[in-house]
Amino acid sequence: MEATSKILRKVLLVLLGVGGLGLGIWALLSPTGGHVTETPVEVVEIDSRGDGLWFVPKDVIAQQSGIPNPFVLRVKNLRAERLKVEVTAEVDGRVELRSSDLKAGDLLILGPSEVLAGQAVAATTGIDDERLIHLTLEAGMEAAMAEDLDESIRFISVNYSDDLGYSRTSMRKLLKRAYKEFDEPIIRWDEPPEINIKDGRAIVSAKVRLSAVYGGRRNYLLGDRETPNHLSVQLNKSDYSWKVFAIEGLRPLGFEEEFLRLLGDDLGLELTESEKEEKGRACMPCRQRMSERFGSGS
């Protein structure tokens, strides 16, 4: 039973690591993990002029000591990415530049000027909340697929609290293990998530599938080939960014969400005697499900 519980805790960890979506968004602070500091930035969406040409405000063009050529900083996974560009014209405070790396809809950083390539950023102006939430979810999913614990930490609220009793503290005990046990997680939307925003809170409804490799075999942890896992993710707005506050609907291996609570017995959650008995009864079905999806060695 203990071996099965350990396997299931690993499953949950990856799920919560993705989910920030539960999805990978949501790694928790490990006792020795680093804290990612975000720099508030102003951004602008670029306009295409065709044939690799872009019309942008002059202030997005940057130069730094030791870097001879002009460049721009693009927001990618809520970090600053440096791209070399060629300035071809300047008119009334705006410039035309050439770059084969940029694409329509990209966000470029206007300021502050001291932002460095690779720096974690939070877009505060030049973007609406709905798009910023999309960027947050996407960045969290990328962090989970990279199994980057510190980067995932960025997107979880310090006040995380779900209906199953998990807090940031109890969740962090799961994540570190999961990123070690499962390999090559892949997270996919079934369709664009639905986002509803009101009074500094957002509810995101999403259909997702998560697969990973365990024991050399890839299979689904969330959803399956026929059916995605339906999730509801609550995000709350902080001073200048959105953080995941709660996740509902995680169904690892197709089990009901309430089963996740049973896995919290040794993670700080206080189970009732009936819940502990239920956990014991659930061991065999879970072992069978793991065997079906990942082989007898699981």
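A residue is called buried when its relative accessible area is under 20%, exposed when the value is over 50%, and partly exposed in between, using a 1.4 Å probe and the protein chains only. By this rule Val-75, with a relative accessibility of 13%, counts as buried. The structure is a predicted model, in which local features need a pLDDT of at least 70, side-chain atom pairs count only at pLDDT 80 or more, and totals for chains, interfaces and linings use all residues. Residues are numbered from 1 along each chain as its sequence is written, and side-chain values use heavy atoms, with hydrogens and water left out.

The overall make-up is a good place to begin. The protein has six helices and 16 strands; here helices (H or I, at least four residues) and strands (E, at least two) are DSSP runs, numbered from the N terminus. Of its 298 residues, 50% count as buried. Contacts, defined as heavy atoms within 4.5 Å, often link distant parts of the sequence: among those with a separation of 6 or more, 69% come from residues 24 or more positions apart. The protein exposes about 14,200 Å², and carbon and sulfur atoms supply 45% of this area. Accessible areas come from the Shrake-Rupley method with a 1.4 Å probe, and for residues only the protein chains shown count as cover.

Val-75 offers a close view of the strands. This residue lies in strand 5, and its C-alpha atom is 6.1 Å from that of Leu-108, although 33 residues separate the two along the chain. Leaving aside residues up to four places away in sequence, Val-75 touches Val-43, Leu-107, Ile-109 and Val-121.

Strand 5 also has pairing partners. Strands of a sheet pair through backbone hydrogen bonds, either parallel or antiparallel, and two strands are taken to pair if DSSP finds at least two bridges between them. Strand 4 (residues 62-64) and strand 5 (residues 67-76) run antiparallel and are joined by two bridges, with Gln-64 standing opposite Ile-67. Strand 5 is also antiparallel to strand 6 (residues 79-84), and six bridges connect this pair. Lys-76 faces Arg-79 of strand 6. Strands 5 and 6 form a hairpin with two residues between them, and Asn-77 in the turn has a positive phi of about 55 degrees.

Further strands build an open sheet of four, in the order 2-3-8-7 and with antiparallel pairing. Its edges are strand 2 (47-50) and strand 7 (86-91), each of which pairs on one side only. From one strand to the next, the twist averages 30 degrees, where axes are lines fitted to C-alpha atoms (for helices over the stretch in contact) and angles run from 0 to 180 degrees between N-to-C directions. Five bridges hold strand 7 in antiparallel pairing with strand 8 (residues 94-98), and Val-95 in strand 8 is the bridge partner of Glu-90.

Among the helices, helix 6 (residues 273-294) can be described in some detail. The expected span of a helix is 1.5 Å times one less than its number of residues. For the 22 residues of helix 6 this gives 32 Å, which agrees with the 31 Å between its end C-alpha atoms. The helix bends by about 35 degrees at Cys-283, and a proline, Pro-285, follows within four residues; the bend at a residue is the angle between axes fitted to the seven residues ending there and the seven starting there. Buried residues of helix 6 include Glu-275, Lys-279, Ala-282, Cys-283 and Cys-286. Gly-295 follows the helix and has a positive phi, near 100 degrees.

Several individual residues complete the picture. A cis peptide bond, with omega about 10 degrees, joins Gly-111 and Pro-112, and Pro-112 sits in the loop between strand 9 (107-111) and strand 10 (121-125). Glu-184, in strand 11 (residues 183-189), has a positive phi near 50 degrees despite being a residue other than glycine. With 51% relative accessibility, Glu-184 counts as exposed. Leu-253 likewise has a positive phi, near 60 degrees, but belongs to the loop between strand 16 and helix 5 (259-262). Its relative accessible area is 0%, so Leu-253 is buried. Ser-241, in the loop between strand 15 (229-237) and strand 16 (242-248), is buried as well, at 8%. Beyond residues up to four places away in sequence, Ser-241 touches Glu-38, Ala-122 and Asn-236.
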